[in-house]
Amino acid sequence: MRVTAKAQPNIALIKYWGKRDTRRNLPAVGSISITLADLSTTMSVEFDASLGDDILIVNDRDNIDMLPRIKRCLDNVLGEGRQSARVDSHCNFPIAAGLASSASAFAALVVAADGAVGPGRDTAELASLAGMASGSAARSLCGGYVELQNCGADISVQSLRSADEWPLKVVVAITATAPKPVGSTDAMEISRKTSPFFGRWIDQQAEDLADARAAIGARDFAKLASVAEHNCLKMHSVMWGSRPPVIYWNSATLACMQTVRELQSQGVAVFFTIDAGPQVKAVCEPAAEPRVREALAATAGVEDILVSGLGAGAGLIADE
Ligand code: 2P0
């Protein structure tokens, strides 16, 4: 039987950077994200003992690069004695370009694989499995505003607010599409081992999480903007202070930040956030979206613009 799930990437407003257990891929800090609506990965899984080995197809092409991570994730969901799988993935946005494609991919994969075998695990179990594959993937299981907490020996995820309750928009300025200089998994370990700021980053995260939680609860845009920009710049300061330094920005990244600053000075409700890549994500109130999009599109070095609302979490869908 072929089972299909769909998941959307998420953008962290309070970031995950650093691991407390690399073997189980447990994060060193909690995080808060928003799940997007308009970007998505659709993942179909079909188990077939006659295949002999797993097959991964991404956007209609065989893909061997991601296959080992996909295999590991399927083993974690179903056990190593499982049948071979044909995994067919379709992504409607650029992959490996700092847009959290692994979050939507692994959220969709665990939901599809779980759906293929059985009665269905609850969100806590799915989060644990998705998080083992990619820390940010656990957040894509839920919709709207999502908090990932470190709880004892594991993680948990919950939606703090639905997308409908506070329908902000995200304008993504694509400034480069080349592969990252260093993947975030390795970069997090470099930061943990060498950045003099790493300890303070961990110490202060609870305060930023509390501020963001309160801002989301009150739908206080200015408060959320302030703590999200602060947390983003603090995470990048940890990266910049690592040896070797971890620098994901380019000159267009800085130009986009400047554009957002100028819009803010004109009273536009917008803030920026940047992940392990050079793209700038501008989060804004819906009425501000055309102006934010236009200003970022006109910024030097911006190659493309994507716009998304906020949406629901991962789930099974009818096979297409
Ligand atoms: C985040 N990032 O909270 C942070 C902000 C990038 C910067 O989660 O090693 O692909 O697979 O658990 O989830 C990107 O890292 O890392 C990430 P792994 P993941 O969104």
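Here is a chat between a trainee and a mentor about a predicted model and its ligand.

Trainee: What should I keep in mind about the numbering and the model?

Mentor: Residues are numbered from 1 along each chain as its sequence is written. The model is predicted, so local features need pLDDT of at least 70 and side-chain atom pairs pLDDT 80 or more, while totals for chains, interfaces and linings use all residues, and side-chain values use heavy atoms, without hydrogens and water.

Trainee: What makes a residue part of the group that surrounds the ligand?

Mentor: One of its heavy atoms has to lie within 4 Å of the ligand. On that basis 18 residues surround the ligand, and the closest are Y16, K19, G135, S136 and T185.

Trainee: What classes of residue make up that shell?

Mentor: There are 6 nonpolar, 7 polar and 5 charged residues. Here Ala, Val, Leu, Ile, Met, Phe, Trp, Tyr, Cys and Pro count as nonpolar, Asp, Glu, Lys and Arg as charged, and the others, Gly among them, as polar.

Trainee: How do you know that the ligand lies between the domains?

Mentor: Domain 1 (2-162) and domain 2 (169-309) both give residues to the shell, so the ligand lies between them. Those bounds come from an automatic or database domain assignment. The C-alpha centres of the two domains lie 23 Å apart, and 30 residues of domain 1 are in contact (heavy atoms within 4.5 Å) with 43 residues of domain 2.

Trainee: Which helix gives the most to the shell?

Mentor: Helix α4 (residues 184-194), with 3 residues. A helix here is a DSSP run of H or I with at least four residues, a strand is a run of E with at least two, and both are numbered from the N terminus.

Trainee: What makes the Y16 pair with the ligand a polar contact?

Mentor: The cut-off is a pair of N or O atoms within 3.5 Å. A polar side-chain atom of Y16 lies 2.6 Å from an oxygen atom of the ligand, so by that cut-off the pair qualifies. For R139 the distance to a ligand oxygen is 2.8 Å, and for the side chain of S134 it is 3.2 Å. The protein covers 92% of the 470 Å² of accessible area that the ligand has on its own, by the Shrake-Rupley method with a 1.4 Å probe.

Trainee: Why is E229 called buried?

Mentor: Buried means under 20% relative accessible area, exposed over 50%, and partly exposed in between (1.4 Å probe, protein chains only). E229 has 8%, so it counts as buried. E229 sits in helix α6 (residues 221-240) and touches V260, R261, Q264, F271 and F272, leaving out residues up to four places away in sequence.

Trainee: How is T35 classed, buried or exposed?

Mentor: T35 has 0% relative accessibility, so it is buried. T35 lies in strand β5 (residues 31-35), and its contacts beyond four places in sequence include R139 and G309.

Trainee: Why is P245 called exposed?

Mentor: Its relative accessible area is 51%, so P245 is exposed. P245 is in the loop between α6 and α7 (251-265), as is P244. A cis peptide bond joins R243 and P244, with omega about 0 degrees.

Trainee: What stands out about the phi of N59?

Mentor: Phi of N59 is near 50 degrees, a positive value in a residue other than glycine. Most residues other than glycine have a negative phi, and most peptide bonds are trans. N59 is in the loop between β7 (55-58) and β8 (61-62), and at 32% it counts as partly exposed.

Technical notes: Polar contact = N/O pair within 3.5 Å; in protein donor to acceptor, adjacent residues only side chain to side chain.
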